[in-house]
Amino acid sequence: MAEPAAILAMTGITKEFPGVKALSDVDFRLFPGEVHALMGENGAGKSTLIKALTGVYDIDGGEILLEGEAVRFTGPLQAQQAGVSTVYQEINLCPNLSVAENIFIGREPRRLGAIQWKKIHRRATELLRRLRLDIDASALLGTYSIAVQQMVAIARAIDISAKVLIFDEPTSSLDAKECEQLFRVMRQLKDEGIAILFVTHFLDQVYEVTDRVTVLRNGRLVGERLTAELAQIDLVAMMIGKELEVLEQLDEQPKSSPAALQDASPVVAASELGRDGAVAPFNLAIHRGEVVGLAGLLGSGRTEVARLLFGADRADHGQIRVDGTTVAVRNPRTAMAHGIAFCSENRRTEGLVEDLTVRENIILALQAERGWSRPIPRRRQEELVDKYIKALRITPANPDMVVRNLSGGNQQKVLLARWLITEPRLLILDEPTRGIDVGAKAEIQRLVVSLADGGMAVLFISAELEEVLRLSHKIAVLRDRHLVTEMPNDGVDVEHVMRIIASGAAV
Amino acid sequence: MTSLTGRWPGLRRPQRKYIPVLATLSLLAVMYGVGAVRYEAFSDGQVILNVFVDNAFLLVVAAGMTFVILTGGIDLSVGSVVALTTMLSASLLQEQGWPPYAVLPFVLFVGALLGFAMGCIIHYFEIQPFIVTLAGMFLARGLCYTISTSSIPITDPFWTSMAQSKVRFGEYFVSPSVIVALVVVIVGAYVLSHTRLGRNTYAIGGNPASALLMGLPVARTQITVYAISGFCSALGGVLLSFYMLSGYGLHAVGMELDAIAAVVIGGTLLTGGSGYLVGTVLGVLVLGVIQTIITFDGTLSSWWTKIVIGALLFVFILLQRVIGARKAR
Amino acid sequence: MTASLSGHMSALTRRRLFWPVTILIVLLLANLLFTPDFFKIEIRGGHLYGSLIDIVRFGAPLIMVALGMTLVIATRGIDLSVGSIVAICGALACLWISGQDDQNSVAGVLTAVGLALGLALVLGLWNGFLVAGVGMQPIIATLILMVAGRGLAQLITDGQIITINSTPYKLIGGGYWLTVPFSILLALGAVALAVALTRRTALGMLIESVGGNAEASRLAGIGSRRIIVMVYVFCAFCAGIAGLMISSNVSSADGNNAGLWIELDAILAVVIGGTSLAGGRFSIGGTVVGALLIQALSTTIYTVGVPPETTLLFKALVVTVVCLIQSPAFRAKVFQRRRRPSARAAAREKTKVEVAP
């Protein structure tokens, strides 16, 4: 069967940011009447590719052909006018306007300058009926769920004449029923000949709705496959890949937790802890001197587990026990009081206060624990900060430097130092090695090992399975917001974990 | 599919957005009722018309403010622009000998220009509207005093005729200023509901980032809105000079607060995106009726006006939060 | 690299105060042209006299109000109600004293001061509750008290101007102590207290942290609500003292005009002093310079002989220039430092972060 001509063909796309090559020589093509999944972990280049397509970014190299003609859009708006529309996870519509108005604003039919409301409502109703959506076009958009709002965004896009529809993680905040609804509309649009690019992290959804998959990793194309011919395990392998980085500095670790430690009661144990829409109830126990690794794809609930344990989000179910006693973890303060510390994956937005200095950022949590009226004496501050600047080799070793001016790796170390000086009993590290250079990465990995040797419990989250396997005594695997299984790390290899992620069951 | 929509039965939905305006309307009715029961002369229709007569200029200014607040901005300069307009009119008419038909368009142009300039600074340099219009407020007041530090009486025949003539319907009457104010409100309401400019105003207030992504002319709209507010302030200033027959740098001190209060009590969200001009009319009436009741009572002092306005602001902002919170879930 | 970078940074922070200080000095020197003995300070009848002394003395209430405002703005807030609080506190103190048989009774004056400042604390608590407890935007929350507070002040004075004749009360705003105007000492004391409170304890750092990044602060275990309430209470307390100073200086309380527009001057002083309206880093020293600059501006305009009301024009100019210099968009557009696409991308990243639950 001869393939029809691609409606969109991107070849050799290259995009550099200062210090990072976000995309190098990536090819991507899209055919009319197909749903094409774009997959990859954090930093793989998915959103950069979409932004390069829609003109948010200028590309440094490569060619974009839309219906055979070379295009370079100046922004999403121009892209939309040319027939390339994007539907985002966070809705880019106005909640305070009616459904009909959101579909037509900026292009309202007018007579003598006056907007013809009747016509708008009639056309909106027709359009919604075509998508088989039973909603009132005159109601305010904000009164509907995110799922319906996405449908309205789709309606707007296809009314502007979309040939290519990009769905950027539309399902992240939808429940199962809402996803079904979305997929029904996607299939319908596909049958009408529209080409759909679908970004998602959920494996099930890929197999449910897509025809073709393209996987990116570290800004490079890993491959393009037909979904029906691609086994789940191969898809996971494509996404996660094998890290070639050699970290020979790191000694082989004893993989299993020392038996003596297993007998003692865990430092922190969660039972049936969960939050609606974030992560299903799970059980997890972490012992003294133990590193527990959380494995799973992006969006699998890794971060949500960490946030629940730290009280950053309120749990809807279950409880947390510290040293066998049930405690109420209502907010980060109470979690800290029980010796739990959490380094967020979003260093800049949830971690550091970038306008403050290295010294201030390092002592922040300790100071918060002590309260404002008991300042840490200046000399003690300097001792502590000097100690950790040396121990973690933060460069430049200047405690009065504003954190904004540090490199990513050093910022990460500052954040680590902040929590280490509080001497936590459980340290939660969410992607501590992401976006930092290899040297800093090895240093942080070594640090995790030595902290555990010193008796600290560590919950280690990373997208890199190799890293998780190398450091952890115990591994918990998450998929689609469920904790699938928990197992000791004896003789487990990357393949095995991938198989669990792919199949969603312990094997 | 029903699970997606079932939470919001279609019947009750359209009313939701009118709740704040309805609340203001009932408040106004209650206040009027209380007044009518307590004071005999209160039920005379002319009392309500007098509220319009005394507040025509505030109504015009508040209408302009409504546009700005709908985009999520604020304009602190309105009171000063009103004062500047009275001063400029008085000076041009009395001291420079300009004819009224030249003075009127000129002062309106100056007001709109000031608003336009502030809008440009707000939009292009991304400085908070609060600070930019604060500077505008200082500037306009300062300009008043460069003209004169004392009050200039206006004796121009057109001005005095506008001050003294009455538009009668039977036994009732209003001043021409009220007609002007009502025309402004009607035109404003039409612009907000039936033109792209109006709808873009709402869209920007609802979600500026989305408005940009949907291809709406955010820059043009934002700047126009401040120009409208400047124009309305100047027009309000003209009406105030009809009312006072003088130009003075201390006219309309604190009027920006009255205008903001009227808009908020009229049900417009201070965060933008929701509200109606008719609500602003009701808000101005509420302020006027409070003053009228206090005048009628005789034992209540004028400062109760401010305390009551403060309390109403509190209640209405709280009400907005409650409605907003319910909408979000 | 280290040295040059940190040197660069400290040069920048120094430059923040550089312009206000320079303008202040230029203003003062300009006065010298019109009044040759402008810098002369002499002791007359046991009191310090001189134009410079007058600037600080008349500027003292503004310094007080701006002091509190600095901390509020550092938490990414704003307090519009300070002018009303000034009026309320002056009114209450004068009302109490005027009701005394002996207006010169020290005990009576102390009670009046205590009552007024107590009320200021309550009002600050109210603002803090609305902002941190109810979660209103600061500008809206404090607008309520700004409007209603004027009414309250007039309610206290019964719409009259209360005139008193009390020597001990006169000391606060118009008296001298050890040859120095007492209000200057009071302002100095308050500045010293604020510096001690913020820099000797950890309060300053926590305030900057909350204003700089609220979510990161929450995840670092900082109880930001308590800090925000404290800051509004402190701001109201400072405004209360300013109210006492102003009413004491004129020996009367005017509910309508006392402290009118002082909130705007205070915000202006803070901004001139280099504290960003976006919150974060604050500088008490900068605020003091800013307040003195504003006062010197008024004084200069008097001595030069321009109508005093035109001060407003200069203020408009100063606000505009200072804000434009502080605006990243302005600098980007004028100096072409930033490229458009990256800026747009940054903005998008930000909205994404805010939307994520």
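The following conversation discusses a predicted model, beginning with the fold of chain A and moving to the contact between chain B and chain C.

User: What helices and strands does chain A have?

Analyst: Chain A contains 18 helices and 22 strands. This is a predicted model, so the counts describe a prediction.

User: And how does the radius of gyration of chain A fit a compact globule?

Analyst: The value for chain A is 25 Å, which agrees with the figure near 23 Å for a compact globule, because that figure is the one for 507 residues. Along the principal axes, the C-alpha atoms of chain A fill a box of roughly 75 × 55 × 45 Å.

User: How much of chain A is buried?

Analyst: Of the 507 residues in chain A, 62% are buried.

User: What about contacts between residues at least 24 apart in chain A?

Analyst: Such pairs account for 68% of the contacts in chain A between residues at least 6 apart in sequence.

User: Let us take helix α1 of chain A. Is it largely enclosed or not, and why?

Analyst: Helix α1 of chain A, residues 46-54, is largely enclosed by the rest of the structure, because eight of its nine residues are buried.

User: Which residues of α1(A) are buried?

Analyst: They are A:K46, A:T48, A:L49, A:I50, A:K51, A:A52, A:L53 and A:T54.

User: What follows α1(A)?

Analyst: A:G55 follows α1(A), and its phi is positive, near 85 degrees.

User: Changing topic: how many residues do chain B and chain C bring to their contact?

Analyst: Chain B contributes 39 residues and chain C contributes 46 residues. About 3600 Å² is buried between these two chains, and carbon and sulfur atoms give 83% of that area.

User: Which three residues supply more than any other three of the area that chain B buries there?

Analyst: Those are B:F125, B:F138 and B:W303, which supply 19% of the area that chain B buries against chain C.

User: How many salt bridges and polar contacts cross that interface?

Analyst: The rule finds zero salt bridges between chain B and chain C. For polar contact, it finds two residue pairs, both at pLDDT 80 or more.

User: Which elements of chain B give two or more residues to that side?

Analyst: They are α6 (100-125), α7 (129-147), α11 (208-213), α13 (255-265) and α15 (303-328) of chain B. The largest share, twelve residues, comes from α7(B).

User: And what classes of residue are on the side of chain B that touches chain C?

Analyst: That side of chain B has 27 nonpolar, seven polar and five charged residues.

Notes. Residues numbered from 1 in each chain as written. Chains lettered and ligands numbered in written order. Predicted model: local features only at pLDDT ≥ 70, side-chain atom pairs only at ≥ 80, totals over all residues. Heavy atoms only, no water. Contact = heavy atoms within 4.5 Å. Buried area = accessible area lost by both parts, 1.4 Å probe. Salt bridge = Lys/Arg side-chain N within 4 Å of Asp/Glu carboxyl O. Polar contact = N/O pair within 3.5 Å; in protein donor to acceptor, adjacent residues only side chain to side chain. Helix = DSSP H or I, 4+ residues; strand = E, 2+ residues; numbered from the N terminus. Nonpolar A, V, L, I, M, F, W, Y, C, P; charged D, E, K, R; others polar. Rg over C-alpha atoms; globule rule 2.2 N^0.38 Å. Buried < 20%, exposed > 50% of the residue type's maximum accessible area, 1.4 Å probe, protein only.
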